[in-house]
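Visitor: Please take me through one part of this model in detail. I would like to look at the enclosed spaces and the cysteines around them, and then at what lies elsewhere.

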Amino acid sequence: MNKNIIKLAEKKACTGCGVCVDACPKSCITMVRDGLHDYPHIDTENCIACQKCMKTCPSINILKKENPKFQNYYASWHKDLDAVKTSTSGGVGSALAEYAIDNGYYVAGVIMSASGKIQHVIAKNKREIQAFKGSKYVQSDSIGIFRECVNEIKQGFKVLFIGTPCQTEAMKRILPTNMHDNLLTCSIICHGVNSPYVWNDYRNGLEKKHHSNLVNYYFRCKSHGWQKKTGDSNLRVAYEISSGKKFDVPSWRNLFHYWFGQHYIMRSSCFICQYRTEERHSDIVIGDFWNVEKVLDGMDTFNGVSVLITTTARGEDFLHKNPLLNLIPVDSKKTINVLKGLVNKKSKKTQCEELIKAETFATEYCLNGFAYMAKKYPCPSYIDQLINKIKSML
C-alpha cells in the first residue's frame, strides 16, 4: 500500500493534541519536540496506511456545522461559595464534574502532577476531580487519554471530557459514532496553549532561585478578588515553596504569565485557530465571563462569574438538571460582543505579526536557553506597565 497517502496537518496547523498517536493501531506515531512544542512523527517502515490518524485529526478535517438553535448563553457560578473561591472564575467546571460523577460518569480533565507536569487524566470519584480545579496555562499532555476514554466507553461507562476545543473535537472523532451517546464534551474558552518545555524550565528556575521545591502553583488566584471594581480583570499568580514561603504577584510581574500574555510561547496553530468562532462544537463551553457587568446590571463579580454556552440539546439538558449551578440566561449577541477570547477578532495582519514574533522567540530560546531569555525578555517595570495601560486607554 502506498505510504505517501498518509499526510497529517502541516506544522503551523497542528494543535499537538496527539489523537493521531492514540488512533494508530500499530503505534507508528510519536510526538517529537521541534522548537518549543511537540509534533507527530510517523514510523513509515511499520505504517500500514490505514488513515485512522488522518480521520481523527481535528486540524485537517472540516468542522461539522452545529445547529445554532441550541446555542444558548448563561452567566453561571457554583452554589457553594467555597467552590467558587477555590476556582478560577465561577467554579462551573467543578459543578459539572461533581454532577457528572453523581450520575455515573467518569470525568477526563487536566491536573498538575507533583512534578509539575500538566496532563489529562480520568477521575472516577469526587476526590480525584478536585485536582482539575484552576486554569493551567500550559498545553496538557493528552497522549493516551483519548484511547483510555474510548476503552471506558466501550466497557459501558459514560465520560465527561473537558479540554480545549481542539482536544474535545479529537475526542469526538476517535470515538465511533454509535457510542457518542455516552460521551459529553465540555470545552474551555481557550486563548492559546503554551509550551510545556518553557513551563518546565520556568518551574526549575523558580526552584533554583529559591533553593526550595515548588509545592503549589496557581496560574490564577483570587487573593485580591476575581475582578476589580473598575471592571478590569484582577489577574494574579501565586505559588508556595517547600520552606513554607508564599508568593503572590500581579500576573504582569510573573515571567511565565507575561510571556503567555505577549504570545511568545504559544503553538503556531493557536494564532490561526479555527475554533475561536461564534459557532462552537462541544456540548458545553465554559470560561471566565469577563465584562459580565456590561450584560447584566448589578452583578457581584468579586468572587468570580463564568460564562456557560450550550450547543446541543444534550448539553442543555445536562446543565438544567444540575442542582449545583446558579444560571442566568443572557443575551447572546451582547455576550459575544464583550466576551474576551471567544471569537478571534484580530486581523490576519496582526495574527501574522504575532506568529513571526513567536517564531523568532522560539528560535532564540532554543539557541540560548531560559536564563538568557529571562534577562532579554523580562517582565515590565511598574513605570512600563503604567505607560502600557495609558496607551491601551487612548
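Guide: What follows starts at the cavities and cysteines and then moves outward to the cores and a few single residues. The model is a predicted one.

Over the whole structure, a search finds four cavities of 30 Å³ or more. The largest has a volume of about 110 Å³. Its lining consists of 14 residues, and those nearest its centre are Cys14, Cys17, Cys20, Pro40 and Cys57. Sorted by class, this lining holds ten nonpolar residues, four polar ones and no charged residues.

The second largest cavity contains about 80 Å³ of space. It is lined by 13 residues, with Cys24, Cys28, Cys47, Cys50 and Cys53 closest to its centre. Here the classes are eleven nonpolar, one polar and one charged.

With so many cysteine names in these lists, disulfides are the next thing to check. The search of the whole structure finds zero of them. Cys24 is in no disulfide, and the nearest cysteine sulfur, that of Cys28, lies 4.2 Å away. A disulfide is taken here as a pair of cysteine sulfur atoms within 2.5 Å, so the Cys24 and Cys28 pair does not count as one. Cys24 counts as buried because its relative accessibility is 11%, the cut-off being under 20%. Cys166 is likewise in no disulfide; for this residue the nearest cysteine sulfur belongs to Cys17, 6.2 Å away. At 14% relative accessibility, Cys166 also counts as buried.

Cys17 and Cys166 are both touched by Pro58. Pro58 sits in the loop between α2 (52–56) and β3 (72–78). Its relative accessible area is 1%, so Pro58 is buried. Setting aside residues up to four places away in sequence, Pro58 also touches Thr15, Val19, Glu169, Ala170, Arg173, Gln274 and Tyr275. Pro58 and Cys14 are 44 residues apart in sequence, while their C-alpha atoms are 8.6 Å apart in space. Cys14 is one of the residues nearest the centre of the largest cavity.

Next come the nonpolar cores. The largest has 38 residues, and within it Tyr217, Trp259 and Phe361 touch the most other members. At least two residues of this core come from each of α8 (196–210), β8 (214–221), β9 (236–241), α9 (255–261), α10 (268–271), α13 (348–368) and α14 (370–376). Tyr217, leaving out residues up to four places away in sequence, touches Met112, Trp199, Tyr202, Leu206, Val237, Ala238, Tyr239 and Asn254. Another core lies apart from this one and has 24 residues, including Val92, Tyr99, Ala123 and Leu325.

Val92 and Tyr99 lead to helix α4, which spans residues 92–102 and is mostly covered, with nine of its eleven residues buried. The buried residues in α4 are Val92, Ser94, Ala95, Leu96, Ala97, Glu98, Tyr99, Ala100 and Ile101. After α4 comes Gly104, which has a positive phi, near 85°.

One loop residue remains. Asn291 is in the loop between β11 (284–288) and β12 (306–310). With 11% relative accessibility, Asn291 counts as buried. Apart from neighbours within four places in sequence, Asn291 is in contact with Val338 and Lys340.

Technical notes:
Residues numbered from 1 in each chain as written. Predicted model: local features only at pLDDT ≥ 70, side-chain atom pairs only at ≥ 80, totals over all residues. Heavy atoms only, no water. 1 Å grid on protein atoms, 1.4 Å probe; cavity = no way out; pocket = protein on both sides within 12 Å on 5 of 7 lines; lining within 4 Å. Points joined across faces, edges and corners; volume = space filled by probe spheres on them. Nonpolar A, V, L, I, M, F, W, Y, C, P; charged D, E, K, R; others polar. Buried < 20%, exposed > 50% of the residue type's maximum accessible area, 1.4 Å probe, protein only. Helix = DSSP H or I, 4+ residues; strand = E, 2+ residues; numbered from the N terminus. Contact = heavy atoms within 4.5 Å. Core = buried A, V, L, I, M, F, W, Y, C linked by side-chain atoms within 4.5 Å.
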